[in-house]
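Me: I'm new to this structure and would like a close look at a single part of it. Could you walk me through it in a friendly way?

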Amino acid sequence: MMRWLLNVGLLCGKELRSLVHDRVLLGLIVFAFSAGVLLVANGVKVEVSNATIAFIDEDNSPLSRRMRDAVQPPYFKPPVMVDRAEALAGMDRGDYIFVVDIPPNFQSDVLAARVPAVQLRVDATAMTQAGLGTEYLNEILMGEVDDMLHVPSPIDQVPFAVQSRIRFNPNSESKWFTSVMQIVTNITILSIVLVGAAVIREREHGTLEHLLVMPVTASEIAVAKIVTNGLVIFVGAIISLWLVVHVWLGVPIAGSVTLFAACSLLYLFSATALGIMLATVAPTMPQFGLLVVPVYAVAYLLSGAATPVESMPQVMQVVVRFLPTTQFVNLSQAILYRDAGLGAIALPLLTVTVTGIVFLVFALMRFRSMLARQE
Amino acid sequence: MSEAAPHNPPGIRIAGVTHRYGAVTALADVTLDLPAGTTIGLVGPDGVGKSTLLGLIAGVRRLQSGRLDVLGADIGDRHAREAFLPRVAFMPQGLGRNLYPTLSVWENIDFFARLFGMDARERDARIQRLLDATGLAPFPDRAAGHLSGGMKQKVSLCCALVHDPDLLILDEPTTGVDPLSRQQFWTLVDQLRRERPTMTVIVSTAYMEEAERFAWLVAMDDGKVLISDQTQKVLERTHTTSLEAAYISLLPEGKRQQASGFVIPPYADPGGPPAIEAEHLTRRFGSFTAVSDVSFTISRGEIFGFLGSNGCGKSTTMKMLTGLLDATSGTARLFGEQITAGDMKTRMRIGYMSQAFSLYEELTVRQNLMLQARLYRIPAAQAAQRVAQAIESFELGACADVSPASLPLGIRQRLQLAAACINNPEILILDEPTSGVDPAARDMFWRHLIRLSRQDHVTIFVSTHFMNEAARCDRISLMHRGHVLAVGTPAELVKKRNAPNLEAAFIAYLQDAEAATDAQDHATAPARQSAARTWWHALGGRLAARFGAVGGAWLPRAWAFARREGVELLRDRLRLTFALIGPLILLVVAASSISFDVEGVRFTVDDHDRTTISRDLIDSFRGSAYFHELAPVADADALDRDIRNGRVQLALDIPAGFARDLEAGRRPEVGVIIDGAVPFLAANVRAYVTGVLAGYAATLGRAMPQGAVIPITVEPRFSYNQEFRSIYAMTPGVIMLALILIPTMLTALGVVREKEVGSIVNLYASPASVGQYLMGKQAPYVALATISYFMLVAVAVVVMGVPLKGSLLALSLGGVLFVLSATGLGLLISTFVSSQVAAIFGTSIICLIPAVNFSGLLYPASTLTGISRLVGLGFPATWYQLISLGCFTKGLGGRASGRCTWRWAALAQATCWLRACC
């Protein structure tokens, strides 16, 4: 056992030197954890935000103008006045998500209590904005009319008060969510790519073979790769979480960073083991490159970092529960936002660990046969 | 060609050329005049600057300082160099390094012929003649990767000669080649020179005896030229009879080695079980038998030589003995014990040196040795000492702290031997340890081996292709194409064949074997030869004819690259499969899973009121498909815990006395707690809650005061996707995602791999421009990605049932342009990364982040602001997303998406040009 640890240690030193050697790669890692995170955190709004909207105002009355003015940032961009043909063309181009169509004589109809209809066209392919945006517009437009008529809005007419509280992210700020999720995504891609590619590079350069002639076991080689690359990614992720997310973006971290760090170590083990496993399946680097793309893209899209797991079809919700990435996203949210207890993260942790072990065992079983096949 | 001599054509004039790699000076102020129309031998040990000098003359390396005129062309001048390139042929060092292993012999030569713009008839005639001349005619369809070393070099030579060069540069062409092939190789060169007496041939070699066949001799040492004269005069001037001696006499005093008076003490068997026993070892790879029924026994302390050309099965046999490979059948024993894969005890007793350099280029020489020593379980303190010793005895002191990457082949091999010996092994298995090593270093090497064998009784199993080394072995085994031809002491073998020396004996054995196998090959080969080739030929001919008319020599050259890349891609079935299946998996899984419909929100109630009215309120939540109720919680703490642990996403807190207060008009407060960890979910949940509560209020409306009228109605109409189904909205986007991720990765790796493997040298040595190369590289990937695009659309429409409402033509036009742009991006990425690892990661990050976030896949591009908007606008995926979405869901055709297409096609072009400049 001592021997095993010593060998792993020695190989780790070698791995670290190899990694430091590739300056472009290091630069890319730093970029991913700094600018990459900032770009996504500042650029992406997961809720309705800056939604583009156009008005077809055939009434041009004080009321219709008032309704127009009420549509404001941050939910919406300032409305654009267009005619009907341009509105449709603009929707086709993807320039407008919403088009509000106010009919002629709107104001007088309202005053005469003839209950006129405002048409609201919604580009339903903009899934993140369409549904909620419609609700918001409904509220805004109705509110303006109510306001002008000096009647209380329906929610104020409810005979009870609603005290709603959004926990963990009271103002629903996107960057709280996207910044952390980007770090998680970076961890996934880096773990799979770095470790897997490191194995294939050693194989292509013949150094793996050389190691296996020495009194070194496959498990020592694999673990050294997992430990070194995992550690580099880990350091990057934690620094990024602290400096970029917490200090720069000002995102509060509710839970224990230590606990998160411990969990990410486990996840790193699982993801890097997956990387090694994929490397034993793909004989050459170009093949490996093509193999990993769908793997990490699917893992990312199904992880809950892009779209909520709850929204997926029932079958998929069950399937993704076995994916380490999904479980890691799950437990990152639990720890960092909700400060959840160990009870809540036990199952995800177990999944992450078990999948990691399965990946590693599979990889080790294939380690020697992959050398043989190369000829 | 008699007019050549009187004209006295310009030869090679080198004036004050200095070349440095970082701090290392490879050439120090070299000034040299070489005649044209003759053969020139360039000799000297490794690392004296031979390859650098040849690279400069060939125009493969950039001239750093000084002036270089080759055949009248000033190499320092870009235009002159370009005009000169078609007249030169360069064969780089290393066995078949410039060949493409999956391409056949014919295809390899054909590729080079196309690069030099030869037309089809000329090509066929020329290739056939070269194949006939080299004896490769029976194997035009054999993949270059499956050839023996000697054959590879012949193919390389054919590639170099295909365009009738005026200057042929061969960098150590016979290193690692068996004696028969070597002999054939030189006969071939002589023959070709007789056909074209004006051709100038420059050859660098580490074999001094080979240098004697050249008319002119240049000897180099340490970046400087020792002598440059006619070979005959060199001998006269140095008063020596052999070049070996002449070379040594030319070296500065301190460097002269002692005359190699080799004394090998006779071998005496120390007894005990034999060190290595192999019985009927056989190893097959698929249908190919690499090693067939090989048996031998090696006693302890014996030096056993394994003689044979590259690819004859030596390496495979050695790998089986080290336990790296399992034997298909037969047994191998070390010290009487059968070899098992995980046996650490045996591994401790073996030192192994593989044929290719297999130490770490990222570590320095010292670090490599240290790692090796420590892994062989030598304690740290002793290891340092051992490493210091090794550095001293293998004369690695000068380069102890540099990376092996910058060292010449010979020194790297020495380093490998030092590494293999560091644990004082009982058996040394050395796979071609001295190939590429200069004579002096080889002698030193052998002194070590002899000392190890005779003093320490180390058993040495060494493979070689040098006859003088084979003669030093106690016993040798001749191997050819997986079979052992003969085993015995060198003297026995020579006697058996009645040959004057070992080399002749070996050649005799080889000729016998060759005659037997050739007969078989002749019988099987020609039948296969035409089928595969004619198809390509027909296609290539037609396309070349068409393009040739348009683009002159430009397009055929790009076509040569495209064709070669295409064939390689077609042969790589696994890569092809991944490239086509990967996007489909991505499409099916992602498009059918990603959804924004929020349903089944887990909620719980903390009902302190427990009246019919409070239950009514809760029922209005239960009645909604959006909510899914979980068991109520006991108290506020439990509620807090549940929401923290994510068990519930929504909690209602109904205060005690709710019904009473409601009746009394006191507006009681209902608490709504929402998990806001995922803002998108929280916003939806809040909207649903507001909706449900408003509905509930309406049912109470009967009890409400008058005047609650709704003054207007807002009628939402969902365009393009009335059912509001995520799959319709996501599918076009996921197609975009698949097309940006995978073709980009394919292309980027295609180029970076060539950089890493070294075959990119073909580009530098050919008259082709970078633009032609990149365009040719890109074309097959564009074709593949276009196929992938059509498969994606077909699966989307047929399997996933997503209707294509708009114009397929417009969508496809956009698709092809997008693919063009994605592959262009791949090329761009390949220009700034140097390793494949960085290429994979760089492509992933550069494509995934903007494609998912800023291209309208999840969040409409029109809502972006600031930098992310700029990133989105500058990224081709944004534009294709508009086209894909427009054509699929909005029913748009050419006109509407035309604007997007063109705006963005301009962008694609910009990408292409940008990358060409790099």
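Me: Let's take chain B: which domains does the domain assignment of chain B give?

Reply: Happy to walk you through chain B, and please keep in mind that this is a predicted model. The domain assignment divides chain B into domain 1 (4-251), domain 2 (276-514), domain 3 (554-590 + 724-917) and domain 4 (601-703).

Let's begin with domain 1 and its contact with domain 3. The C-alpha centres of domain 1 of chain B and domain 3 of chain B are 41 Å apart. Where the two meet, 18 residues of domain 1 of chain B are in contact with 18 residues of domain 3 of chain B. On the domain 1 side, helix α4 (residues 105-115) of chain B supplies the largest share, with 4 residues. Sorted by class, that side of domain 1 of chain B has 11 nonpolar, 3 polar and 4 charged residues.

Next comes a pair of helices in chain B. Helix α5 (residues 120-134) of chain B packs with helix α6 (residues 149-161) of chain B at an angle of about 145°, and their axes are 10 Å apart. The crossing of α5(B) and α6(B) is right-handed. From α5(B), the residues B:Leu130, B:Leu131 and B:Thr134 take part, and they meet B:Lys154, B:Leu157, B:Cys158 and B:Leu161 in α6(B). By class, the residues of this contact of α5(B) with α6(B) are 5 nonpolar, 1 polar and 1 charged.

Now for a single residue in a loop. B:Ile264 belongs to the loop between α10 (243-250) and β11 (276-285) of chain B. B:Ile264 counts as partly exposed because it has 16 C-beta neighbours inside 10 Å, while a buried residue would need 20 or more and an exposed one 12 or fewer. Leaving aside residues up to four places away in sequence, B:Ile264 touches B:Ile450 and B:Arg472. B:Ile264 and B:Ile450 are 186 residues apart along the chain, yet their C-alpha atoms are separated by 7.0 Å.

Finally, let's see how chain B meets its partner. The contact involves 131 residues from chain A and 135 residues from chain B. On the side of chain A that touches chain B, there are 75 nonpolar, 34 polar and 22 charged residues. Strands also pair across the two chains: strand β4 (residues 117-123) of chain A and strand β25 (residues 713-719) of chain B run in the parallel sense over 7 bridges. To find one spot in this pairing, look for A:Leu120, which stands opposite B:Pro716 in β25(B).

Technical notes. Residues numbered from 1 in each chain as written. Chains lettered and ligands numbered in written order. Predicted model: local features only at pLDDT ≥ 70, side-chain atom pairs only at ≥ 80, totals over all residues. Contact = placed C-beta atoms within 7 Å. Nonpolar A, V, L, I, M, F, W, Y, C, P; charged D, E, K, R; others polar. Pairing = 2+ DSSP bridges. Domains from an automatic or database assignment. Axes fitted to C-alpha atoms, helices over the stretch in contact; angles between N-to-C directions. Left-handed = near helix turned anticlockwise from the far one by under 90°.
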